[in-house]
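Work through the exercises below with the model open beside you. Try each task before you read its solution.

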Amino acid sequence: MGWMSLPSTNYDYYVDPVSGSDSNTGRTWTQAYATLSKAASNTGTYGRVWLAPGDHTVASEIAYQNKRIQWIGPPVPASQFESSTGGARVTGTANSLSYFFSGQPPSGSNIFGGGFHNLVFDMNAITTGNQALWMRQTNYLRVEGCKAIAPTGTHKNVYLLTMDEVPTANSPDKSWLTCVDIEAYNCGLIEGPSAAGGFNGWSLRGLRGDSDATGGATMPYVKTNDKLQGCAISGGFFAHTGSSVAAIDIDETGVTNSRTVSIVGVAFENLASPYYGVSLKNCIAFVAFPGGASDSDGLIYGDSSTTGYMAVPSTALAGSLVPGVN
Amino acid sequence: MARSTTLVFGAGALVTGGDLFNATVPLGTIAATVTTPAPSIFVATSGVNSRFLDGVSGSDSNDGTTWGQAWLTPAYAAAQAPDSTRIWVAPATYTISSMISYSKRLWWEGPKMPANQIQAQVGSAWFEASGSPAYYFDISSAAGGGFIEVGFSNRPVTSGIVRSTSVTDLKFDNVYTHPTNPVSNSQDYHKPLLTVEGSGDNSRLEFVDCDAHSSPLIYAHLIGVARDWRIVSPRCQSDVSTTTSHIDLAGDFDGLYLEACYLEKTTLPAIIVDMSSVPTARRVTMVPGGFERLSGNSYGIALYGCQLDVGFAGGQWSANGLFYGSTDCTGYVMSPTSILKGALVAGVN
C-alpha cells in the first residue's frame with residue numbers, strides 16, 4: 001500500500017506544520033491546516049488526514065469520539081524517522097501529554113476502523129504510564145510503519161499503542177487489530193486491555209523493540225492481560241529487556257476459557273536475568289522460535305495452567321510446563 | 001504549494017531524500033535557497049500504467065488518464081486500460097450488473113482506508129452488484145494484477161467475488177467482503193472472495209490481510225498447478241456458523257504457506273487442503289493463529305496427501321479436535337495435546 005494519487009474527497013484533510021494554517025480549509029495541500037487537532041475536530045465520521053513531513057507538535061491531547069480517522073504520513077525509510085527528516089513526527093512538550101491520539105466510541109458500541117500509517121511518535125512528550133495511541137473499543141484498527149521513540153539512555157514506561165476499553169460499556173471489543181512493521185525504542189510497543197472484555201483475531205507482524213538504557217527495558221514490549229481469541233505474533237525482534245521483564249507478556253490469569261496465542265519467528269537478544277523472552281499465563285499457546293541470547297532463565301515461561309506447544313533450542317526452556325519438544 | 005528554505009552550509013552535503021524533497025546541495029560554504037515542490041505526497045506508482053476510476057465524478061467519455069479525466073464504470077475501465085495498469089479507484093459505490101472479464105494485468109487499488117473500514121462503505125471503494133452476476137471479476141491468462149484496499153458485497157453474486165483462471169502473481173491486499181452494507185444481518189451467503197480454477201498455472205498468489213464477514217475467503221479446486229502461495233492474516237468471522245470452509249484448496253499446491261489466520265464458526269474444517277490426487281505430496285507450512293467456535297464434526301485444519309509442517313495454538317468449541325490428517329500425509333504437527341484426530345501425524349503431541 002503506497003501513497004496514492006486520489007482526488008481530494010469529502011474525507012480528505014491535509015496538515016502541514018510548516019506552511020499550513022488552521023485558518024485554511026484543510027481540504028488541499030495549498031489549504032492545509034497547521035495542526036493535527038484542527039484536522040481531528042473537523043473530520044466527520046470518516047476521514048483521511050494526510051501529514052506533510054516535519055514535526056507536528058501537539059499542544060494538548062487529541063481525543064475524538066465515534067470517528068474512523070486514518071492518519072497517514074509520508075512513506076520514508078524508518079531510519080529517517082529518528083530525525084524526522086522526510087518523515088512526519090508527532091511530538092509535544094516533554095512529559096506533558098497522556099496521549100497524542102485517543103479514539104473512543106459512544107458508550108456501548110465500537111469504532112470500526114481507523115489507523116495510523118508511517119508516523120513517528122516522540123515519546124518524550126508522553127507522561128509515564130501512558131501511551132501515544134489510546135484506542136478504546138476499536139475494531140479493525142490498523143497501525144503500520146509507525147515508530148515510537150523515547151529519549152536515549154533510559155527506558156520510559158510508555159507504550160506506542162494501548163488497546164483499551166470502557167469497562168462499563170455494553171459491548172466492549174477490541175478485535176481485528178492489525179499491526180505491521182512497527183517499532184519501539186526505549187519504550188513499550190503494544191499494551192492490551194487489563195479489564196474485562198475480549199478481542200479476536202489480532203495479527204501482529206514485523207514488531208521490533210529495543211532499548212539502549214542501562215538495565216534494559218522496564219516493561220514488556222508486548223503485554224496483554226485479557227482473554228485472547230486468536231492472537232498471532234510473527235516476525236519480531238526484541239532486545240535489552242530489564243530484570244523481571246518479559247519481552248512478550250501474555251497473562252490470561254482468571255480467564256475461564258483461556259484463548260489461543262501463536263508466536264512464531266521472533267528473535268531475542270540481551271534479555272536481562274532473571275526473566276524470559278515470552279511469558280505466558282493460562283494460555284493455549286503455540287510458540288516456536290529459533291532462540292536468543294543472554295538470558296540465564298530461558299526464553300519461555302509458562303505457568304501451570306498454560307497448555308500448548310513450545311519449541312526453542314534445547315536448554316532454553318524454563319517454568320513449570322511445557323509439553324513441547326526440545 | 002512550494003517550500004522555500006534558506007540553507008547555509010559548511011562542509012558536507014545536504015541530501016534530502018524520499019519522494020517529497022529531492023535536493024542534493026554540493027559541498028562548500030554556501031547560502032542557497034532550495035525550492036522544493038509541493039509535498040505531492042500522492043506519487044503515482046512508476047513502472048506501470050496508471051488510470052483513474054471515479055464513480056462519482058467520472059465519465060466513460062473521458063480518457064481515464066488523470067483524475068480530471070477519470071472513467072466512471074469498472075467495466076469500461078477494464079476494457080480500456082492497457083495491459084499492466086494500476087487503476088486507482090476513488091471512494092464510491094460501484095454497481096456491477098454483469099461479470100467483468102479480462103485477460104491482462106490490472107491492479108485495482110482503492111483509497112487508503114483499510115478494507116475492513118468498508119464495513120460502513122463511506123469513504124471506501126466498494127463494489128455492489130445489481131442483478132445476479134456470477135462473479136464481479138473474471139480474470140484469465142494473466143501474469144500479475146490484483147485488488148488492494150477495496151471491498152465487495154458478496155450477497156448479490158451467485159458464485160463469488162473474483163474468479164481467477166491461470167493467473168500468476170495475483171495479489172490481494174486488504175480486501176474485505178460483507179453481505180450487506182452497513183453491517184446489519186446475521187446470514188451467511190457462502191460466496192468466496194477468491195475462486196481459483198482451471199488447468200493452467202496459478203502460481204504465486206499473495207493474499208494478505210483480507211477479511212470476510214459471513215463468507216469463505218478462498219476456494220480453489222485446481223486441475224493445474226499452484227506454486228508458492230502465501231496466505232497471511234486471513235480472517236473470517238460469521239454471525240452464524242458457515243457450512244463452507246473458509247479456505248478450501250484441492251489440487252497440486254506446490255509450496256503453500258499460511259500464517260496468522262483467525263477463522264471461526266464453521267461446520268466444516270476451517271481450512272481444507274486436499275492433495276490426495278497429487279502423485280508427489282507437496283509441502284504445506286502453516287502457522288495459524290487460532291480457531292474459534294468450530295462446530296459439529298469440524299476441524300481447524302484438515303489435510304489430505306500433504307507433506308506438512310503445521311503448528312498452531314489451538315482453539316475451542318471443536319467437537320472433533322483441531323487437526324485432521326489423512327493416512328497419506330507425512331510431516332510434523334505441533335499443537336496442544338488432545339486436540340489431534342485422524343490417522344496420522346508423525347509429530348509429537
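**Exercise 1. Trace the open sheet of chain B: in what order do its eight strands lie, and is the pairing parallel or antiparallel?**

Step 1. Read the order across the sheet: β7-β10-β13-β16-β19-β21-β23-β26 of chain B. Strands here are DSSP runs of E with at least two residues, helices are runs of H or I with at least four, and both are numbered from the N terminus. Two strands pair if DSSP finds at least two bridges between them.

Step 2. Settle the direction. The eight strands pair in parallel, and the sheet is open. Strands of a sheet pair through backbone hydrogen bonds, either parallel or antiparallel.

Step 3. Find the edges. They are β7 (92-96) and β26 (290-292) of chain B, and each pairs on one side only.

Step 4. Check the twist. Neighbouring strands of this sheet are turned by 15 degrees against each other on average, direction ignored. The axes are lines fitted to C-alpha atoms (for helices, over the stretch in contact), and angles run from 0 to 180 degrees between N-to-C directions.

Step 5. Look at one pair. Strand β23 (residues 262-264) of chain B joins β26(B) in the parallel sense over three bridges. In this pair, Y262(B) stands opposite G290(B).

A note on the model: it is predicted, local features need pLDDT of at least 70, side-chain atom pairs count only at pLDDT 80 or more, and totals for chains, interfaces and linings use all residues. Residues are numbered from 1 along each chain as its sequence is written, chains are lettered from A and ligands numbered from 1 in the order in which they are written, and side-chain values use heavy atoms, with hydrogens and water left out.

**Exercise 2. Describe strand β5 of chain B and its pairing with β6(B).**

Step 1. Locate β5(B) at residues 49-53; four of its five residues are buried. Buried means under 20% relative accessible area, exposed over 50%, and partly exposed in between (1.4 Å probe, protein chains only).

Step 2. Follow the pairing. β5(B) and strand β6 (residues 85-89) of chain B run parallel over five bridges. R51(B) stands opposite I87(B) in β6(B).

**Exercise 3. Trace the open sheet of chain A: which strands stand at its edges?**

Step 1. Read the order: β4-β7-β11-β15-β17-β19-β21-β23-β25 of chain A, nine strands with parallel pairing.

Step 2. Name the edges. β4 (62-65) and β25 (300-302) of chain A each have a single partner strand, so one side of each is left without a neighbour in the sheet.

Step 3. Add the twist. Neighbouring strands of this sheet are turned by 10 degrees against each other on average, direction ignored.

Step 4. Zoom in. Three bridges join β15 (residues 159-164) to β17 (residues 188-191) of chain A. T162(A) has E191(A) as its bridge partner in β17(A).

Step 5. Step back to the whole chain. Chain A has one helix and 26 strands. Buried residues make up 63% of its 326 residues.

**Exercise 4. Place C187(A): is this residue buried or exposed?**

Step 1. Find C187(A) in the loop between β16 (178-185) and β17 of chain A.

Step 2. Check its cover. At 0% relative accessibility, C187(A) counts as buried.

Step 3. List its contacts (heavy atoms within 4.5 Å). Leaving aside neighbours within four places in sequence, C187(A) touches M123(A), A148(A), A150(A), H155(A), K156(A), V158(A) and Y221(A).

**Exercise 5. Compare two positive phi values: where do N95(A) and N118(A) sit?**

Step 1. Recall the background. Most residues other than glycine have a negative phi, and most peptide bonds are trans.

Step 2. Take N95(A). Its phi is near 50 degrees. N95(A) lies in the loop between β6 (88-92) and β7 (101-104) of chain A. With a relative accessible area of 43%, N95(A) is partly exposed.

Step 3. Take N118(A). Its phi is near 60 degrees. N118(A) lies in the loop between β9 (115-117) and β10 (119-122) of chain A. At 16% relative accessibility, N118(A) is buried.

**Exercise 6. Examine T168(B): which residues is it in contact with?**

Step 1. Place T168(B) in strand β14 of chain B. T168(B) is buried, with a relative accessible area of 10%.

Step 2. Leave aside neighbours within four places in sequence. The contacts of T168(B) are then A142(B), A143(B), G144(B), D201(B), S203(B) and R204(B).
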